[in-house]
Amino acid sequence: MLSLDLTGKRAFVAGVGDNKGYGWAIVRALAQAGASVRVGTWPPMLNIFIKSMERGKFDLSLPGGGEIEFEKIHPMDAVFDTPEDVPEEIREDKRYRNLTGYTIQEVADSLRDELGEGCLDILVHALANGPEVKKPLIETSRAGYLEAVSASAFSMVSMVQRFGPLMREGGAVVSLTYLAGERVIPGYGGGMSSAKAALENDTRTLAFEAGRRWGIRVNTISAGPLASRAAKAIGKIDRMIDYYRANSPLPDVNTAEDVGNAAVFLCSPLSAAITGETLHVDMGYHAMGMPAEDQLGGE
Ligand code: NAD
């Protein structure tokens with residue numbers, strides 16, 4: 001029987017700060033498949049994430065029995081590669097000043113120190129940030145644009161650079177992108193659409209470079225809309241979900257679980273020949289060229 005079993009594999013999932021987003025759904029699916037999971041949590045979210053978990057606010061139970069057990073929760077801020085990059089005001093910020101080792105290089109080093117080389121099979125990038133996301137691109141500042149690309153696209157390059165050497169051959173990297181990287185999505189501004197386009201292009205280049213260097217695969221999932229914390233902050237997410245339901249080939253919207261399952265597939269030997277791919281998990285919405293809801297050709 002064909003099985004999807006990740007027992008004995010270790011995953012690091014960056015971008016988990018609550019139980020509402022795609023990162024959490026991917027953790028859940030990886031744990032269900034038997035992988036051991038570590039997460040990287042943005043320092044401003046760390047305390048509330050840990051407290052919510054301790055207070056039992058998150059359902060950790062897995063279908064079929066067992067519970068999600070985090071091997072470790074690492075603070076990680078993906079806009080900083082090394083300690084030298086962290087400005088004074090961040091180091092002194094109350095959400096950071098009691099933490100150490102939260103740059104990407106330091107997190108990778110802590111895995112190496114604790115577990116040794118070849119300790120990682122799966123790397124997930126489930127994070128994004130664009131301070132001017134609500135501004136149309138045409139009104140976006142240079143600083144806002146560069147921050148969006150730094151947090152949402154270069155962070156992926158940096159993670160592959162720094163975690164890649166720790167990964168076992170056959171390992172897999174997965175990130176999350178959005179249709180705005182290839183088509184116009186009004187309202188997804190601030191350079192975030194540019195960051196997603198960069199992320200998708202970098203997926204192809206990193207697939208080649210990391211494939212040749214370490215024998216690992218790099219793919220990205222283009223997911224449909226989900227009412228995560230980040231998406232709610234952008235706004236109009238409920239309207240977008242309704243729009244997908246009305247207009248997708250499969251007339252519904254994907255769930256977070258659908259994306260978690262696709263991520264597990266992309267991290268498993270079942271996808272051993274797939275790399276450099278943007279996989280749409282959106283009920284087929286990306287294939288549409290005209291809304292179905294206006295009845296011009298829909299049913
Ligand atoms: P989310 O709020 O669950 O996840 C975003 C995470 O990024 C948060 O945990 C946040 O703390 C973290 N983060 C922000 N800045 C960071 C930084 N500098 N360093 C480390 N972590 C940082 O929201 P989500 O919507 O599930 O987002 C996860 C991914 O899915 C993102 O890449 C997002 O663009 C993508 N995505 C989301 C949707 C959607 O509709 N929700 C659709 C397609 C793609």
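This is a short tour of two helix pairs and two buried residues in a predicted model.

Before you start, note that residues are numbered from 1 along each chain as its sequence is written. In this predicted model, local features need pLDDT of at least 70, side-chain atom pairs count only at pLDDT 80 or more, totals for chains, interfaces and linings use all residues, and side-chain values use heavy atoms, with hydrogens and water left out.

**Stop 1: H1 and H9**

Select residues 22-32, which form helix H1. Helices (H or I, at least four residues) and strands (E, at least two) are DSSP runs, numbered from the N terminus. Now add helix H9, residues 256-267. Two packed helices are described by the angle between their axes and the distance between the axes. Here the angle is about 55° and the axes are 8 Å apart. Axes are lines fitted to C-alpha atoms, for helices over the stretch in contact, and angles run from 0 to 180 degrees between N-to-C directions. H1 is therefore oblique to H9. Angles under 35 degrees count as roughly parallel, over 145 as roughly antiparallel, 65 to 115 as roughly perpendicular and the rest as oblique.

Show the side chains next. Among the H1 residues in contact (heavy atoms within 4.5 Å) with H9 are Tyr 22, Ala 25 and Ile 26. On the H9 side, look for residues including Val 259, Gly 260 and Val 264.

**Stop 2: H4 and H5**

Select helix H4 (residues 104-115) and helix H5 (residues 142-163). Their axes lie 9 Å apart, at an angle of about 30°. That makes H4 roughly parallel to H5. In H4, pick out Ile 104, Gln 105, Val 107, Ala 108 and Leu 111. They meet Ser 155, Ser 158, Met 159, Arg 162 and Phe 163 in H5.

**Stop 3: Ser 248**

Go to the loop between helix H8 (237-247) and helix H9, and click Ser 248. Is Ser 248 buried or exposed? With a relative accessible area of 7%, Ser 248 is buried. Buried means under 20% relative accessible area, exposed over 50%, partly exposed in between (1.4 Å probe, protein chains only). The side chain of Ser 248 reaches the backbone oxygen of Tyr 244 at 2.7 Å. Not counting residues up to four places away in sequence, Ser 248 touches Asp 282, Met 283 and Tyr 285.

**Stop 4: Gly 40**

Finish in strand E2 (residues 36-41), at Gly 40. Gly 40 counts as buried, at 2% relative accessibility. Leaving out residues up to four places away in sequence, Gly 40 touches residues including Phe 12, Val 13, His 74 and Met 76.

Methods
Polar contact = N/O pair within 3.5 Å; in protein donor to acceptor, adjacent residues only side chain to side chain.
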